[in-house]
Amino acid sequence: MNAYEKKIHKLSQELIPVFDELDTETKEIIKEHAQYCSECDHMLDKREVMDAEMESAGDNEGKESTIKSLKKLIHNNSGIGIMLFLVRVLVLAVISYNSLRFQNFEDVVQTFQGGTFLIYLPTAIFLLIFTWTFLNKRWILYSVVADLVVLLVIWQLPLFYKI
Ligand SMILES: [Zn+2]
């Protein structure tokens, strides 16, 4: 190593710890020097390994917190999803209560169907849009199936008095 190379070596030793912040040109000079200086080459290698470890540690932490927040989100979704079903039950209960004041079964069924069409259907559509926007997509499936079953059953209710 001549005097000039020794100066470069001295500078490299100072600069390698902050290698990432250096200009591209400076980095090139240090890399060039490291090709024939094992000491600086070793320092550079150690830095790269440390960087890689730090990055992978950061990645794992990121993944874990993503999974955690995802679980929390799904958990919260379940609560909201169940609440939306309770809203449907409540609406059906109100419609039933309103229908049952009639003595005649035919009137009861017709009022029940009218209430379903005027109250349950708009509520269900609103809840489906809400579910689609905010909740896990599987709740859409549950909701659509539940709504179809409810509407189908209520639609078929006249069969009971038409027989
Ligand atoms: Zn060196």
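Domain bounds here come from an automatic or database domain assignment. The model is predicted.

**Exercise 1.** State how the chain is divided into domains and how far apart the domain centres are.

*Solution.* Step 1: domain 1 covers 3-58 and domain 2 covers 77-162. Step 2: taken over C-alpha atoms, the centres of domain 1 and domain 2 are separated by 69 Å.

**Exercise 2.** Describe the secondary structure, then explain why the chain is more spread out than a compact globule.

*Solution.* Step 1: there are six helices and zero strands, in the order α-α-α-α-α-α. Step 2: the globule rule gives 15 Å for 163 residues, but the radius of gyration is 35 Å, well over that value, so the chain is more spread out than a compact globule. Step 3: along the principal axes, the C-alpha atoms fill a box of roughly 110 × 25 × 25 Å. Step 4: of the 163 residues, 12% are buried.

**Exercise 3.** Find the residues of the largest nonpolar core and the helices that supply them.

*Solution.* Step 1: the core has seven residues, namely L84, V91, I95, F112, Y120, A124 and L127. Step 2: α3 (38-99) and α4 (105-134) each supply at least two of these residues. Step 3: α4 gives the largest share, four residues. Step 4: leaving out residues up to four places away in sequence, A124 touches R88 and D147.

**Exercise 4.** Compare the annotated transmembrane regions with the helix content of the model.

*Solution.* Step 1: the unreviewed UniProt entry annotates residues 78-97, 117-135 and 140-161 as "transmembrane region". Step 2: residues 78-97 are 100% helix and 0% strand, with end C-alpha atoms 28 Å apart. Step 3: residues 140-161 are 91% helix and 0% strand, with end C-alpha atoms 34 Å apart.

How values were computed. Residues are numbered from 1 along each chain as its sequence is written. This is a predicted model: local features need pLDDT of at least 70, side-chain atom pairs count only at pLDDT 80 or more; totals for chains, interfaces and linings use all residues. UniProt positions are given in the numbering used here, feature names are shortened, and annotations may be inferred rather than shown by experiment. Helices (H or I, at least four residues) and strands (E, at least two) are DSSP runs, numbered from the N terminus. A nonpolar core is a set of buried Ala, Val, Leu, Ile, Met, Phe, Trp, Tyr and Cys residues joined through C-beta atoms within 7 Å. A residue is buried if 20 or more other C-beta atoms lie within 10 Å of its own, exposed if 12 or fewer, and partly exposed in between; C-beta atoms are placed from the backbone. Two residues are in contact if their C-beta atoms, placed from the backbone, lie within 7 Å. The radius of gyration is taken over C-alpha atoms; the globule rule is 2.2 Å times the number of residues to the power 0.38.
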